[in-house]
Amino acid sequence: MSDCSAIDHAHMAAALRLAERGLFTTQPNPRVGCVIAQGEDVVGRGWHVRAGGPHAEVFALAEAGAQARGATAYVTLEPCAHHGRTPPCADALVAAGISRVVIAHEDPFAEVDGRGIERLRAAAIAVETGLMKPLARELNRGFFSRIERGRPWVRLKLAMSLDGRTALANGESKWITGEAARADVQRWRARSSAILTGLGTVRADNPRLTVRLPHAAEHDADAAAVAPLRVILDSRLRLPADAHVLDGTAPTLLVHARDGAPVERDFGPAERVGVEMTGDRLDLKAVLGELARRQVNEIQVEAGPTLCGALLAAGLVDELLLYIAPVLLGDRANPLLGLPQLTDMSARWKLKTVDQRMLGTDSRWLLRPEEN
C-alpha cells in the first residue's frame, strides 16, 4: 500500500475505530467499519452493529447518500459478495457509484474470499488492499482463527500473587486482585464468544461466568446484554445440581465424554455434547473444533492450573491475560499453571509482551507464546 496517502491512512484509522464499536455484539461475524470520503471530507460512516443486521457499508452508504458517487470507501474487511442474512455489500458499493475502495484485510470466509474484490474490479472500481492490515487482523483475531485454523482464538485469564500463586491451599481465592482488575476482566469477557472452565473450578468457586458491566450504558448500550456461551468441561457429567452455570441466565454447553454411560439427569436449559477422550481427559483439540463448528470465535478460559496448563502444554493457547497483585500467598498456596517438569532451560515456554498496564495497584500483562 505504498501509494496510499496520509489522508487514506487517516480514513482507514477512523474505519477501524468504528469497527471496534461492534466489539461486543457482532459474534459470530467479524467487526467491520466503513468510511466514505470525498478527498479529506467524510460523507458517510458505519459499522457492523450486530449479527443479522446491516453491514458497515450499508450504514455508511445511507449516510453518504448521493455524495457516495465518485467517492472512496475505506473498509476494514473485504465487502461480502454473497446473499446471507443481508444482500452483498459489494453490489451496494457498485450501485452507489463508488469509484475506489480501500480494504484493510481480505475476508477468508469461503463465500467471500476474493469474490468481493473481483466484483468491484469487474465494475471498473479501483481496489487497493492491505492498508493497516495488521490492525484489522488483530481486531478480528478470533474470526480469522476460526476460519483459517478451524478453532477459536484461546485466551487464558489468570490472576496471581507476586510469588506466582492463585489461591490458598484451602482453595480460597477471593480476592487476589482489586476492583479495577476485576472490572477489566468483565470487558474481556464481554468481547469473548465463550467462557470455558472445568468441573473443578465449578465445584470450588461455583462461578456464574456471566458478563457484569454496571456502567455499560455509558460506553456501549449493547454491552450490557452480552451473554457469551458458558462451556463446562465435565467428562462424566458430575456437575452439581446447584451450579450457577445451570441457572439459565446465559447459554451453557456441557462437554462430556462421548463414550460415557448415559446420565439420566436434568441439566435444565444446558445443552450437552460428547467428544472423544485422550487418556483421562477430554480431547482438547476436539473440544475447540466443536466450538468452532458452533461459530465460536474467541474463548476466554477461566479455569484452574490443571486445565490451563494442559491447554498451554498442548500448544492451544494464543494469549495469556495475566493479572498480578502486589501480595504474597506463600509456597503452600496453589500454583499458576500445572505444566510438565523441565530438565533443560531451552525447553522453557517463552512469552512475548503485547501490552502491559496498571489497574489500580495491580498490573495486567497481555502475553503471547513466542513462535519457535
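# Strand S6, its sheet and the annotated sites

Leucine 158 of S6 has leucine 322 as its bridge partner in S15. The model is a predicted one. In it, S6 belongs to an open sheet of nine strands with mixed pairing, and nine of the nine residues of S6 are buried. UniProt, in an unreviewed entry, also places a "binding site" at His55, Cys80 and Cys89 and an "active site" at Glu57.

**Strand S6 and its partners**

- Strand S6 covers residues 153-161 and is largely enclosed by the rest of the structure, because nine of its nine residues are buried.
- Trp153, Arg155, Lys157, Ala159 and Ser161 point one way from S6, while Val154, Leu156, Leu158 and Met160 point the other way. Residues on both sides of the strand are buried, the charged Arg155 and Lys157 among them.
- Strand S15 (residues 319-325) runs parallel to S6 and is joined to it by seven bridges; the pairing of leucine 158 with leucine 322 belongs to this contact between S6 and S15.
- Strand S14 (residues 298-301) also runs parallel to S6, with four bridges between the two. Here arginine 155 has glutamine 300 as its bridge partner.

**The sheet as a whole**

- The strand order is S11-S10-S9-S8-S14-S6-S15-S18-S17, which puts S6 between S14 and S15.
- Strand S11 (271-275) and strand S17 (351-359) are the edges of the sheet, each pairing on one side only.
- From one strand to the next, the twist averages 25 degrees.
- Helix H6 (residues 141-149) lies across S6, S14, S15 and strand S18 (362-369). The helix runs at about 130 degrees to S6.

**Aromatic rings and charges**

- A search of the whole structure finds one aromatic pair. The pair is formed by phenylalanine 143 and phenylalanine 144, with 5.7 Å centre to centre and 70 degrees between the planes, and is edge-to-face.
- Both phenylalanine 143 and phenylalanine 144 are buried.
- Phenylalanine 144 also has arginine 137 over its face, at 4.7 Å from the ring centre.
- A further charge over a ring involves arginine 182, whose charged end sits over the ring of tryptophan 175 at 4.5 Å from its centre.

**The annotated binding site**

- The UniProt record (unreviewed entry) gives the "binding site" as His55, Cys80 and Cys89. These positions are spread over 35 residues of sequence but cluster in space, with a largest C-alpha distance of 9.1 Å.
- Cysteine 80 lies in the loop between strand S3 (72-75) and helix H3 (89-95). Its relative accessibility is 7%, so cysteine 80 counts as buried.
- Beyond residues up to four places away in sequence, cysteine 80 touches His55, Pro87, Pro88, Cys89, Ala90 and Val112.
- Cysteine 89 lies in helix H3 and is buried at 1% relative accessibility.
- With residues up to four places away in sequence again left out, cysteine 89 touches His55, Glu57, Val58, Pro79 and Cys80.

**The annotated active site**

- The UniProt record (unreviewed entry) places the "active site" at Glu57, a residue in helix H2 (residues 56-64).
- Glutamate 57 has a relative accessibility of 3% and therefore counts as buried.
- Leaving aside neighbours within four places in sequence, glutamate 57 is in contact with Cys34, Val75, Leu77, Pro79, Cys89 and Leu93. Cys89, one of these contacts, is also part of the annotated "binding site" in the UniProt record.

**Histidine 9**

- Histidine 9 is in helix H1 (residues 6-20). This residue is partly exposed, with a relative accessible area of 35%.
- Histidine 9 touches Cys4, Leu131 and Met132, not counting residues up to four places away in sequence.
- From histidine 9 to alanine 167 the C-alpha to C-alpha distance is 47 Å, and the two are 158 residues apart in sequence.

How values were computed: Residues numbered from 1 in each chain as written. Predicted model: local features only at pLDDT ≥ 70, side-chain atom pairs only at ≥ 80, totals over all residues. Heavy atoms only, no water. UniProt positions renumbered as here; feature names shortened; annotations may be inferred. Buried < 20%, exposed > 50% of the residue type's maximum accessible area, 1.4 Å probe, protein only. Contact = heavy atoms within 4.5 Å. Pairing = 2+ DSSP bridges. Phe/Tyr/Trp six-rings, centres within 6.5 Å; stacked < 30°, edge-to-face > 60°. Lys NZ or Arg CZ within 6 Å of the ring centre and 35° of its normal. Axes fitted to C-alpha atoms, helices over the stretch in contact; angles between N-to-C directions.
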